[in-house]
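Okay, thanks for coming, everyone. I'll put the sequence and the structure up, and then we'll walk through it together.

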Amino acid sequence: TQHNVAKLPQNVPTTHGASIGVAYVAAALALGVSLGLNLPKVSGQDDAALWEAVRKLPQDAIPIDVAAECLSSIENSERPQQGDWIAIYGGSSTSALFISEIARLAGLKVILLADFAKHGERLGEREGSILVDSHDPIRAINVVRAITKGKLRFAVDTVGKETAGHLVQMLQADAQEERRAHLVGLTGVPKEKVDGIVFHSVPIKLFHEVPSIGLTLMTWLEKALETQAIALPEVEHAGGGLEGINAALDRMRNGEVSGRRLVISV
């Protein structure tokens, strides 16, 4: 459908365009809807106010299974403001790249949690974020709490329930606070609820099933790519065409590919 398609500018190779996909959509919806952060202005166009946009939709336009996430998971007074911290676990992933890039453009302070041994050199070159080694989770928790002075209110996990649990321990969990903390889990959140912390899942269905939202995401992406406002993932070319797909997937399953995208030309 046309509202799910973005036109690649001449400065973006098709191989890099192929690497964007659902990682960008998940990042934009996690920030823009679940956390209520406006996608920042790029190339002179207005910012994309997704949080407000979903609230202006007819109620029956929102898929029922994501309605609560879209409409009642975060209050207006709790939304991120410029200068707030956001921690991202699994900082080497492509979704984390887009989350950090959008958050940075919007004026948030970004903490990336990743394995130094594997990704430290590459992620250390990324401007506008603090890199914390996730190899020792207990130390990582203490480091993030020290950096944020125990006031971290926003976090996104791209790895799994265990690491999402580590983020819970970094967040300011105080049921007496007027503004709650918020954790978005791209692959899951802890089973145990925590007072003062709201768990979120990304309402991906909005992109496909609500044309106005899908179109807004694609329009913003086109401008961001055109002006090179956001960085793109590192891409590795895998050979073999269609017949090489299973071999490429096996490499991913074996942990041979990390922090970059495999792209196969067919």
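So, which element of the protein has the lowest mean pLDDT, and which has the highest? Keep in mind that what you see is a predicted model. The lowest is helix α6, residues 116-123, with a mean of 64, and the highest is β4, at 98. For the protein as a whole, the mean pLDDT is 91, and 95% of the residues reach 70 or more. Where pLDDT is low, the predicted coordinates should not be read in detail. With its mean of 64, please go easy on helix α6.

Now the overall picture. You're looking at 11 helices and eight strands. Along the principal axes, the C-alpha atoms fill a box of roughly 55 × 45 × 35 Å. Does the radius of gyration agree or disagree with a compact globule? It agrees: for 266 residues you'd expect something near 18 Å, and the protein has 18 Å. Half the chain is tucked away, if you like: buried residues make up 50% of the 266. And if you take contacts between residues at least 6 apart in sequence, 68% of them join residues at least 24 apart. As for the outside, the protein exposes about 13,000 Å², with carbon and sulfur atoms supplying 49% of that.

Okay, on to the aromatics. How many aromatic pairs does the structure hold? Two. Take tyrosine 24 with phenylalanine 98: the ring centres are 6.1 Å apart and the planes sit at 80°, and since anything over 60 counts as edge-to-face, that's what this pair is. Tyrosine 24 is in helix α2, residues 21-34, while phenylalanine 98 is in helix α5, residues 94-105, so the pair ties together parts that are 74 residues apart in sequence. Both tyrosine 24 and phenylalanine 98 are buried.

The other pair is tyrosine 24 with tryptophan 220, and that one is stacked, 6.3 Å from centre to centre with 5° between the planes. Tryptophan 220 lies in helix α10, residues 211-226, and tyrosine 24 in helix α2, so here the pair ties together parts 196 residues apart in sequence. Is tryptophan 220 buried or exposed? At 1% relative accessibility, tryptophan 220 counts as buried, and tyrosine 24 also comes in at 1%. Put the pairs together and you get one aromatic cluster of Tyr24, Phe98 and Trp220.

Next, a couple of threonines. Where is threonine 158? Look in the loop between β4, residues 154-157, and α8, residues 161-170. Its relative accessibility is 15%, so threonine 158 counts as buried. The side chain of threonine 158 reaches the backbone oxygen of tyrosine 89 at 3.0 Å, and also the backbone oxygen of glycine 90, at 3.2 Å. If you skip neighbours within four places in sequence, the contacts of threonine 158 include Ile88, Ser93, Leu186 and Thr187.

Then there's threonine 163, which sits in helix α8. What does the side chain of threonine 163 make a polar contact with? The side chain of aspartate 157, at 2.6 Å. Threonine 163 is buried too, at 12% relative accessibility. Leaving out neighbours within four places, threonine 163 is in contact with Tyr89 and Asp157. So Tyr89 turns up in the contacts of threonine 158 and in those of threonine 163.

Last stop, two residues in strands. Isoleucine 111 is in strand β2, residues 109-114, and at 0% relative accessibility it counts as buried. Not counting residues up to four places away in sequence, isoleucine 111 touches a list of residues, among them Trp85, Ile86, Ile130, Val132 and Val144. Isoleucine 245, by contrast, is 134 residues along the chain from isoleucine 111, and their C-alpha atoms are separated by 34 Å.

Valine 198 is in strand β6, residues 197-200, and it's buried, with a relative accessible area of 14%. How many residues apart in sequence are valine 198 and arginine 180? They're 18 apart in sequence, and 7.0 Å apart in space, C-alpha to C-alpha. Beyond its neighbours within four places, valine 198 is in contact with Ser73, Arg180, Ala181, His182 and Leu183.

That's my tour, so over to you.

Note on methods: Residues are numbered from 1 along each chain as its sequence is written. Side-chain values use heavy atoms; hydrogens and water are left out. Rings of Phe, Tyr and Trp (its six-membered ring) pair if their centres lie within 6.5 Å; planes under 30 degrees apart count as stacked, over 60 as edge-to-face and the rest as tilted. Helices (H or I, at least four residues) and strands (E, at least two) are DSSP runs, numbered from the N terminus. Buried means under 20% relative accessible area, exposed over 50%, partly exposed in between (1.4 Å probe, protein chains only). A polar contact is a pair of N or O atoms within 3.5 Å; within protein, one must be able to donate a hydrogen and the other to accept it, and residues adjacent in sequence count only if both atoms are side-chain atoms. Contact means heavy atoms within 4.5 Å. The radius of gyration is taken over C-alpha atoms; the globule rule is 2.2 Å times the number of residues to the power 0.38. Accessible areas come from the Shrake-Rupley method with a 1.4 Å probe; for residues, only the protein chains shown count as cover. pLDDT is the predictor's confidence in each residue, from 0 to 100.
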